[in-house]
Amino acid sequence: MPNADRVGLANRDHESESPLRDVPQGAPIGLIAGWGRFPICVAEKLKALGHSVHCVAITGHAGEELNEICDSVLWSGVGRFGGHLRYFKRNDVEHVTMAGKLFKSDLLYSGSVWIRHTPDWTCIKTFWPCLFGARRDARDDRLLGAVIDTYESHTMKICSATELAPELLAKTGQLTRRKPSSVVQSDIAAGWQIAKTMGGLDIGQAITIKDGTIIAVEAIEGTDACIARTGELCRRGGWTLVKVSKPEQDMRFDVPTIGPQTVQRVHEAGGAAIAIEANKTILLDSDETIALADRLGIALVAMASADTMKDQLPSSRKAA
């Protein structure tokens, strides 16, 4: 699947300085890969920077392309923490990055999860207070914080994948030829504040809105399911997807992401616009994503804040 982002990463000078802080040039890096294109882009960038890449590819989530990019790959259930740690130690990994989506509803609430992902003793110790303790809390920040604590207790540092590939973060501006109408701009402004509040509560990072009314809220099911539900609830179409980071987003994990699939699904469900947070949202396959939005008539904007929307929208492309 050639695209501008991947070609640019592959052609990067191997001697360029690694953007990862405190990581020696050429040091082995561990990659925990979930679903989607983001892990593939990160693996390519690491290789282009001259690092060896040792990947824990989560079974049922990660893409087979990682076998061709990485120096070694361990295909494993998400719950085999002890095995993951031993694999990284065998490969002299001291710095680990996480990229890609994990389907939380499948991992936590599917009846067959214990068979398919076979949590080991290290995993059970890590998650027991979150899932079974007296003060159980299975929100994303608590679960991922427990993972980071476990890695750090084994002298491994979790690094932000967006430090590796900052070019994947959306830049401020109107990205498509189509500009949001004044009505859509009002929806974005209203939806932005609600989405930020939701993120602060660790519920989700996306909402859909039309005429000032919230249609659907992203929760455990993820953005794609939220979009599909919106299409069922708003058959008139013309709604807007607003996707933002959490108010205190930890850029090491759970960074909001969109790509061509998001645009396609919004179109199929009758959406008219997508608003994302600039410099805090991963825009995968950016040229392809923007071209598809132009072709389908979806307005795509990236803003630092909804409060200054009028100043930000005209900056990158002329309205059709």
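Which residues have the most contacts inside the largest nonpolar core? In this predicted model, that core comprises 29 residues, and the positions with the most contacts inside it are Leu 31, Phe 38, Val 42, Cys 55, Leu 66, Leu 168 and Ile 282. At least two core residues are supplied by each of β1 (29-33), α2 (38-48), β2 (53-58), α3 (66-69) and α9 (161-164), and the greatest contribution, six residues, is made by α2. The core is not confined to one domain, since at least three of its residues are drawn from domain 1 (24-164) and at least three from domain 2 (169-311).

In the protein chain as a whole, 14 helices and 13 strands are found, and 53% of the 320 residues are buried. Among the contacts with a separation of 6 or more, 73% are between residues 24 or more positions apart.

One open sheet is formed by five strands in the order β3-β2-β1-β4-β5, with parallel pairing. Its edges are occupied by β3 (72-76) and β5 (157-159), each of which pairs on one side only, and neighbouring strands are turned against each other by 25° on average when direction is ignored. Within this arrangement, β2 and β3 run parallel and are joined by five bridges, with Val 56 placed opposite Leu 74 of β3. Helix α2 packs on the sheet through contacts with β1, β2 and β4 (95-99), and its direction makes about 170° with that of β1. Helix α4 (residues 81-90) lies across β1, β2, β3 and β4, and runs at about 165° to β2.

A residue of α4 is also linked to another helix, as follows. Thr 150 is located in helix α8 (residues 140-153) and has a relative accessible area of 11%, so that Thr 150 is classed as buried. Apart from residues up to four places away in sequence, Thr 150 touches Leu 85, Thr 122 and Thr 126.

A further open sheet consists of six strands in the order β6-β13-β11-β9-β7-β8, and here the pairing is mixed. Because β6 (173-174) and β8 stand at the edges with a single partner strand each, one side of each is left without a neighbour in the sheet. Helix α11 packs on this sheet, touching β7, β8 and β9, and the direction of α11 makes about 135° with that of β8. Both kinds of pairing can be illustrated from individual strand pairs. Strands β11 and β13 (residues 299-303) run parallel and are joined by five bridges, and Ile 274 stands opposite Leu 300 in β13. By contrast, β7 (residues 206-210) and β8 (residues 213-217) run antiparallel and are joined by four bridges, with Thr 208 opposite Ala 216 in β8. The hairpin of β7 and β8 has two residues between the strands, and Asp 211 takes a positive phi near 55° there.

Helix α12 (residues 260-268) contains the buried residues Pro 260, Thr 262, Val 263 and Val 266. These residues lie on the same side of α12, because they cover an arc of only 165° around the axis. The elements against which the buried residues of α12 pack are α11 (223-233), β9 (239-243), β10 (257-258), β11 (271-277) and α13 (286-296). Just after α12, a positive phi of about 95° is taken by Gly 270.

The loop between β9 and β10 contains Val 255, which counts as buried because its relative accessibility is 13%, a value under the 20% limit applied to buried residues. When neighbours within four places in sequence are left aside, Val 255 is in contact with Thr 162, Gln 249, Asp 250, Lys 280 and Ile 282. One of these partners, Ile 282, is among the residues with the most contacts inside the largest nonpolar core. Although Val 255 and Thr 281 are 26 residues apart along the chain, their C-alpha atoms are separated by 6.4 Å.

Conventions
Residues are numbered from 1 along each chain as its sequence is written. This is a predicted model: local features need pLDDT of at least 70, side-chain atom pairs count only at pLDDT 80 or more; totals for chains, interfaces and linings use all residues. Side-chain values use heavy atoms; hydrogens and water are left out. A nonpolar core is a set of buried Ala, Val, Leu, Ile, Met, Phe, Trp, Tyr and Cys residues joined through side-chain atoms within 4.5 Å. Buried means under 20% relative accessible area, exposed over 50%, partly exposed in between (1.4 Å probe, protein chains only). Domain bounds come from an automatic or database domain assignment. Two strands pair if DSSP finds at least two bridges between them. Axes are lines fitted to C-alpha atoms, for helices over the stretch in contact, and angles run from 0 to 180 degrees between N-to-C directions. Contact means heavy atoms within 4.5 Å. The arc is that of the directions from the helix axis to the C-beta atoms.
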